[in-house]
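Here is a short set of questions and answers for a first look. Keep the view open as you read.

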Amino acid sequence: MTNKYDVIIIGAGVIGAAIARELSRYHLDVAVLEKETDVSFGVSKANSGIIHAGFHAPPDTLKGKLAVPGNRKFDRLCEELDFPFERNGELMVAFSEDEIHTLQFYYDRGKKNNVPYLEIIGKERLLELEPNLNPDVECALYAPSAGVICPYEYCFALIENAKQNGVNVITGEKVIHLEKKGKIFEIKTEKNNKYSALYIVNAAGLFADEIARMVGITNFKIVPRKGEEYLLDRRVGKLVKRVIFPCPTKKSKGMLIIPTVDGPVMVGPTALDIEDKVDFSTTRDGLKQVFNHAQKLVPSIRSTDAITSFVGLRPAATRNYSIISKFFSIIKSFTGTKPEYIDGDFIIGRTTVSGFINAAGIQSPGLTASPIIAEHISDALLKDGLKLEKNPAFNPIRKRRVKHLRVILEKKFFHEVEKLVKENKKYSNLVCRCENVTEAEIVDAIKMGHTTLDGIKFATRAGTGRCQSGFCTTRILDLIHQETGIPVEKITKKGPGSEIVLTPLRKGQGNS
Ligand SMILES: Cc1cc2nc3c(=O)[nH]c(=O)nc-3n(C[C@H](O)[C@H](O)[C@H](O)COP(=O)(O)OP(=O)(O)OC[C@H]3O[C@@H](n4cnc5c(N)ncnc54)[C@H](O)[C@@H]3O)c2cc1C
């Protein structure tokens with residue numbers, strides 16, 4: 001049997017999720033196919049979570065054009081979708097005369113990109129704002145419009161709202177064959193399921209070049225750029241209130257200090273071009289690099305405070321130029337005409353294959369630009385002939401059903417804890433002691449469809465604290481089994497091949 005849709009989106013990272021929600025505003029049959037067991041398990045699970053102000057990328061690139069309007073959307077989005085967002089600002093700091101010139105360059109660029117409230121601030125004000133900064137700092141570019149979010153909570157919220165509005169999200173469904181027959185695209189997946197659609201949106205992150213190749217589009221290649229990040233113990237405290245950047249390098253924004261929206265500080269990422277799209281190894285060299293750079297910004301940061309590390313791979317796109325297009329781009333560079341594509345930029349929109357739309361090469365600031373990218377994609381679909389009729393039943397509101405105990409305790413609303421426990425006894429069972437996550441939150445995450453350890457970790461923060469899930473793993477396994485009936489030995493960390501226990505546990509063994 002073939003499942004027929006108007007639009008199929010391949011990939012459920014923040015880009016596919018934002019597009020799915022955007023398209024759910026219209027009367028359309030839309031499906032999202034995601035190869036991983038859960039959504040947000042690709043690039044979108046491992047990034048810095050910054051909603052950038054938008055002064056980094058040149059104004060003639062999509063990265064430069066889309067960050068500011070993307071950033072602006074987040075106040076409304078977080079209100080509608082109920083995910084944490086803090087507009088805490090970012091600072092790019094300078095230590096030398098040369099770096100002061102660099103700040104001026106980015107100030108001018110930011111102005112061209114329409115970044116609001118941008119200013120260069122002197123040492124005294126800077127150290128007043130961030131007293132833990134290295135006192136050798138001279139001045140900084142201050143962009144108060146930047147903010148931080150939790151990227152997977154954002155992605156989960158988008159997907160949940162898209163589902164509420166009729167989008168079919170199918171996980172564990174890897175597209176292995178795609179071809180256009182007449183006006184229809186036909187898809188075959190690894191599980192041998194068949195789908196068809198009038199339009200395809202390619203939001204496959206690191207694998208977007210492989211999906212494009214299936215329909216004969218070979219003009220770009222995704223080269224992963226590896227970034228290692230380190231999470232510090234919550235007990236270290238905030239250290240900084242704003243995101244702190246050094247002056248950037250040619251390849252990346254440099255290594256940053258990020259006060260995450262959930263509390264702990266994160267440092268990184270490195271930037272290394274690699275070939276392997278599944279190389280998630282952290283290295284001793286990466287650790288050294290990150291902490292050397294971080295200590296230059298905030299001298300009290302210690303690598304011994306790191307409780308875990310992770311790798312994110314930026315899906316950087318480069319064009320595969322033919323000899324003819326290379327010739328034309330050389331001519332264009334002599335005549336001063338802007339090239340059609342700048343290496344490393346986003347690849348968004350219509351293609352030579354009618355009905356096949358790309359949302360590819362979405363590296364940083366992809367998270368920031370995601371809501372605007374979604375609007376660009378719906379425009380591209382419209383231009384390619386898709387009818388966009390408003391769905392009057394569209395409901396933009398998604399509410400979290402369960403409160404996070406950690407957040408209530410941080411605010412010291414102890415009376416609210418008592419009330420919650422009275423309403424739902426599961427609030428009195430602490431499953432993750434480091435992050436104060438209760439059974440009520442875990443059960444809710446399972447009911448939302450997160451049935452792997454990583455899925456539950458991303459949805460609740462259980463397992464992200466100092467003991468790195470030493471205490472809560474068996475308790476979470478028991479709860480997943482209890483709620484879904486999945487045998488404990490079949491429960492995985494992040495999908496098939498990552499099973500956690502090899503032999504069945506005896507009843508109650510998990511709670512020892
Ligand atoms: C270290 C790092 C730090 C970053 N920091 C920031 C930041 O602070 N701010 C910011 O704005 N941006 C940041 N970014 C960029 C941001 O994370 C990305 O732009 C964004 O996550 C890309 O989302 P995506 O949906 O395109 O890709 P993904 O999240 O990878 O989604 C693509 C999905 O497609 C699926 N897929 C692939 N092939 C198939 C197939 N054949 N069939 C079905 N599904 C398939 C994948 O499994 C994946 O889930 C950072 C990136 C990195 C790596």
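Domain bounds here come from an automatic or database domain assignment. The model is predicted.

Q: Between which domains does the ligand lie, and why?
A: The shell around the ligand takes residues from two domains. Both give residues, so the ligand lies between them. They are domain 1 (2-45 + 152-219 + 320-383) and domain 2 (86-147 + 223-314).

Q: Which residues come nearest the ligand?
A: The ligand has 42 residues around it. By class, the shell divides into 20 nonpolar, 16 polar and six charged. Elements that each supply at least two shell residues include α1 (14-23) and α10 (366-383). The residues that come nearest are Gly11, Gly13, Gly42, Gly205 and Gly366.

Q: How many residues of α6 are buried?
A: Helix α6 spans residues 151-164 and has 14 residues. What covers its buried residues includes α1, β8 and α10. Among the buried ones are Tyr152, Phe156 and Ile159. The count is 12 of 14.

Q: Which strands stand at the edges of the open sheet β3-β8-β4?
A: Three strands form this sheet, with antiparallel pairing. An edge strand here has a single partner, so one side is left without a neighbour in the sheet. That holds for β3 (50-51) and β4 (85-86).

Q: What is the bridge partner of Ile51 in β8?
A: Strand β8 covers residues 147-149. Two bridges join β3 to β8, and the two strands run antiparallel. In β8, Ile51 has as its bridge partner Gly147.

Key:
Residues are numbered from 1 along each chain as its sequence is written. This is a predicted model: local features need pLDDT of at least 70, side-chain atom pairs count only at pLDDT 80 or more; totals for chains, interfaces and linings use all residues. Two strands pair if DSSP finds at least two bridges between them. Helices (H or I, at least four residues) and strands (E, at least two) are DSSP runs, numbered from the N terminus. A residue is near a molecule or strand if its C-beta atom, placed from the backbone, lies within 6 Å of it. Ala, Val, Leu, Ile, Met, Phe, Trp, Tyr, Cys and Pro count as nonpolar, Asp, Glu, Lys and Arg as charged, and the others, Gly among them, as polar. The expected span of a helix is 1.5 Å times one less than its number of residues. A residue is buried if 20 or more other C-beta atoms lie within 10 Å of its own, exposed if 12 or fewer, and partly exposed in between; C-beta atoms are placed from the backbone. Two residues are in contact if their C-beta atoms, placed from the backbone, lie within 7 Å.
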